[in-house]
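Colleague: Could you walk me through the empty spaces in this model? I'd like to get my bearings at the bench.

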Amino acid sequence: MQRGLPMQPTVVLLREGTDTSQGNPQLLSNISACLAISETLSSTLGPRGMDKLIVNERGEAQITNDGATILKLLDIVHPAARTLVDIARAQDAEVGDGTTSVVLLAAQFLKEVRGYIEEGVSPHIIMKGFRKASQLAEERIKAIQISIDKSDPEQFRSLLLKCAATSMSSKLIHSEKPFFSNMVVDAVQSLDPNDLDESLIGVKKIPGGGMQDSLLIRGVSFKKTFTYAGAEQQPKSFRDPLILSLNVELELKAEKDNAEVRVEAVKDYQAIVDAEWEIIYRKLEAIEKTGAKVVLSKLPIGDLATQWFADRDIFCAGRVPAGDLRRVCQAVGGSVQSTCSDITREHLGTCGRFEERQVGGERYNIFEECPKAQTCTLLLRGGAEQFIEEVERSLHDAIMVVKRAIRNGEVVAGGGAVEMDLSAHIRKHALSIPGKQQLILTAFAKALEIIPRQICDNAGLDSTDILNKLRMRHAAGNKWFGVDVDGPEGVRDNMEAFVWEPPLVKLNAISSATEAACLILSVDETVRNPQSEAQNPGPKAPPGAAARAMRGRGRGMPRR
């Protein structure tokens, strides 16, 4: 009789309900999730890209074709696919444009090597090939980029306008490219050239009117704040006024809400009230002595102070948002004061013209001709609120692109021209390498063609025919030929057509997409903890707590 083999005891390593999946099936599943995201975004790419209407759980609708915004609104839960959301956000924060391109590239890199993974090629060989190809692409972009002469202001401004227009060509505002390109370039050039802080470009959205009614204020503008009686008697326009910015409350407080005072006689109470009035009058007189004609404060300015200022021809605004007050100080000079005493001339700012102007259905306080105008404000007009929000997102992308172009001063051609040149360059290099690396580099080169291919598909063109034409042109040495969605030929020299982009957009997109693809390829197991999936799981009760609670109930504790 054959002796039975000793049974191995079952080792329970993870708690019950934990979901684990590993090996090649898990890797292929992660790749499929990334491809599903790229299919969602692919139709938004290029000058003929479509928009997405996304409705959240509260019923609020947003219309956009900005890749980073779409991924943020979709609330993706797949752990591997969230990597693509992160690279889109990083691209948006670092460069501002190319958020859809970076997701498409990352997904296409994975798609091209999926067959090799199914055949058993080690992911580490693929990752090594990807990193080599990314390095080749980076070197090629730096070799072919064209530097623009910054010494000629007119020529340099023309370059910036082209970069802004290229960024807007795929957006909702592409029909008004010349108008908004000028506005964006003027806005960025009004900033301090040393730091180019885009947060100093204020954006105010005013429903009503058409896009052409949008304004660029070379200075600061903010919506009229909440005002008390007496505000309408104040002057609404000044030439060269002194401006005082405060973080002081100029309002009488109700005693019952803010203090407890024990008094023996009515005259004692009256003395307390008089003292409070005395304090606020002392503050107001100190402000008047400074000579300021415009008084702004982060905190409320009450009806007493408003009327007092109106009697002396001084304009005041309380509850000014902190960001707007900061930009006012940067534009007019001076600094925010937290006291009304010891205010001297250097604490005050000034501007050439201040006025309160009606814009659409709102009134705006506008500071223009500022001596330190390192800030500006865009007043955006349009029909629906969702439309104005998309205009704001489009202008943000254009502002970031112009900022990068000013910083670097180099350009490359857009419209898929760079990707086709990189594809031809990497393919040529791959033929000189033996072994599996040749296949990986060729797959990387083929994946780069997704950008011109998708631009063609979204424009309703025959992508196979146009990509063949582009390959032929690039093989002949015409490195700036890209897709032309308007012409009958379908291809053109995009450098001559002024479809320009900063090379940083391409460098960042390719390196981020490569890193994301390598990260997803390096994951071969997913462990999902069941408790973390539960809705707001609370801390576990200590052992014996339930028993103690029941004993307590038995002693006559009320039932709940």
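Colleague: Which residues lie nearest the centre of the largest pocket?

Modeller: A pocket here is an open set of points on a 1 Å grid over the protein atoms alone, with protein on both sides within 12 Å along at least five of seven lines, and lining residues have an atom within 4 Å of a point. The largest pocket is lined by 41 residues. Nearest its centre are Gly46, Pro47, Thr166, Ser169 and Ser170.

Modeller: Two bits of housekeeping: this is a predicted model, where local features need pLDDT of at least 70, side-chain atom pairs count only at pLDDT 80 or more, and totals for chains, interfaces and linings use all residues. Residues are numbered from 1 along each chain as its sequence is written, and side-chain values use heavy atoms, with hydrogens and water left out.

Colleague: Which residues line the largest cavity?

Modeller: A cavity is a set of grid points where a 1.4 Å probe fits but cannot get out. The search of the whole structure turns up three cavities of 30 Å³ or more. The lining of the largest cavity is made of Phe226, Thr227, Tyr228, Ala231, Ile301, Thr306, Cys316, Ala317, Gly318 and Arg319.

Colleague: Is Asp324 buried or exposed?

Modeller: Outside its neighbours within four places in sequence, Asp324 is in contact (heavy atoms within 4.5 Å) with Lys204, Val220, Ser221 and Phe222. Buried means under 20% relative accessible area, exposed over 50%, and partly exposed in between, using a 1.4 Å probe and protein chains only. Because its relative accessibility is 7%, Asp324 counts as buried.

Terms used. Grid points are joined across faces, edges and corners, and a volume is the space filled by probe spheres set on the points.
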